[in-house]
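Grab the coordinates and work through a few exercises with me. Each one has a task and then a step-by-step solution.

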Amino acid sequence: MTEPTSTTERNHRITLVIPAYNEAGNIDALVQESFDVLPEALLGELIVVDDCSTDDSTVRLAALRARHPRLRVLRHTANAGQSASVRSGVAAARFPLIATLDGDGQNPPGDIPALVAAYDPAGPQLVGGVRAKRRDTWSKRTASRLANALRRRVLRDDCPDTGCGLKVFERDRHLALPFFHGQHRYLPALFRAYGASTAYVPIGDRARRHGASNYTNWKRGLQGIPDLMGVRWLVMRARPARTEEIL
């Protein structure tokens, strides 16, 4: 991989992090599309974090790595979940600005430049995608709307679509957040609680081409309530510290 040659170059390029678990049918096309539509001046590197997949994702990723020198592949030795996969990719990133995409290919990587354009170091430090027209089933869309409404009421994070995997944010701010299983669903609230501002940009949404979602509405619901209460506690207790050097 070509390392960034200057601070200016690093600050204007992104690390794209894609967490993936058993997405062998989707990962090839998604990685190839990302390199096709994102210019090298923007995309510094692409990191796929394989969360100990049991399909042939590893073989497919090895073939992709041989074709794309800016592709890096990390693999968890045990399944750890999407939040851990995102964090592993962010921690390994060589660029200070991160973009994330879900591994199912439903979010178009071609929408990333719009989110990067909305980002500003002075704020917003996190820019999230908002899926204007969902391609999911009716039950999943309904569950998502109810969950988003409940989350906004409890956390007051003003985020219309926290479940969208396409986000752009600052690496160091992300790594400074308290980590827990399910963290990726609450990044807007956590960024705001720790002193950052957020903004949202409409993006596309596509139907999953292969495979099935790793989450069901029931599974999300069981995990969601205790997570929501825990994040509410974190938000209430957060006291972001701002310092300046005086000597």
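**Exercise 1.** Decide where Phe191 falls: buried or exposed? Then find out which ring pairs with Phe191 and how the two planes sit.

*Solution.* Keep in mind that this is a predicted model. Start with the surface: Phe191 has a relative accessibility of 1%. The cut-off for buried is under 20%, so Phe191 counts as buried. Next, look for ring partners. The structure holds one aromatic pair, and that pair is Phe169 with Phe191, at 5.8 Å centre to centre and 55° between the planes. Stacked needs under 30 degrees and edge-to-face needs over 60, so 55° makes this pair tilted. Now check the partner: Phe169 has a relative accessible area of 0%, so it is buried too. Finally, place the rings in the chain. Phe169 belongs to strand S6 (residues 167–170) and Phe191 to helix H8 (residues 187–193), so the pair links parts of the chain 22 residues apart.

**Exercise 2.** Work out which residues of helix H4 (residues 82–92) are buried, and what covers them.

*Solution.* Run down the helix and you'll pick up Gln82, Ser83, Ala84, Ser85, Val86, Gly89 and Val90 as buried. A reminder helps in reading such a list: an α-helix has 3.6 residues a turn, so residues three or four places apart point the same way. Then collect the cover. Among the strands there are S1 (14–20), S2 (43–50), S3 (71–75) and S4 (97–100). S6 and helix H7 (171–176) also belong to the cover.

**Exercise 3.** Scan the backbone: which non-glycine residues such as Asn22 have a positive phi, and where is a cis peptide bond?

*Solution.* Begin with phi. Asn22 comes out near 55°, in the loop between S1 and helix H2 (24–37). With a relative accessible area of 26%, Asn22 is partly exposed. Cys52 also has a positive phi, of about 60°, despite not being a glycine; its loop runs between S2 and helix H3 (57–67). Now omega: the bond from Gly123 to Pro124 is cis, with a value near 5°. Pro124 lies in the loop between helix H5 (112–118) and strand S5 (126–131).

**Exercise 4.** Explain why His68 counts as buried, and list what His68 touches.

*Solution.* First locate it: His68 is in the loop between H3 and S3. Its relative accessible area is 11%, so His68 is buried. Then leave out residues up to four places away in sequence, and the contacts of His68 are Val31, Gln32 and Phe35.

Note on methods
Residues are numbered from 1 along each chain as its sequence is written. This is a predicted model: local features need pLDDT of at least 70, side-chain atom pairs count only at pLDDT 80 or more; totals for chains, interfaces and linings use all residues. Side-chain values use heavy atoms; hydrogens and water are left out. Rings of Phe, Tyr and Trp (its six-membered ring) pair if their centres lie within 6.5 Å; planes under 30 degrees apart count as stacked, over 60 as edge-to-face and the rest as tilted. Helices (H or I, at least four residues) and strands (E, at least two) are DSSP runs, numbered from the N terminus. Buried means under 20% relative accessible area, exposed over 50%, partly exposed in between (1.4 Å probe, protein chains only). Contact means heavy atoms within 4.5 Å.
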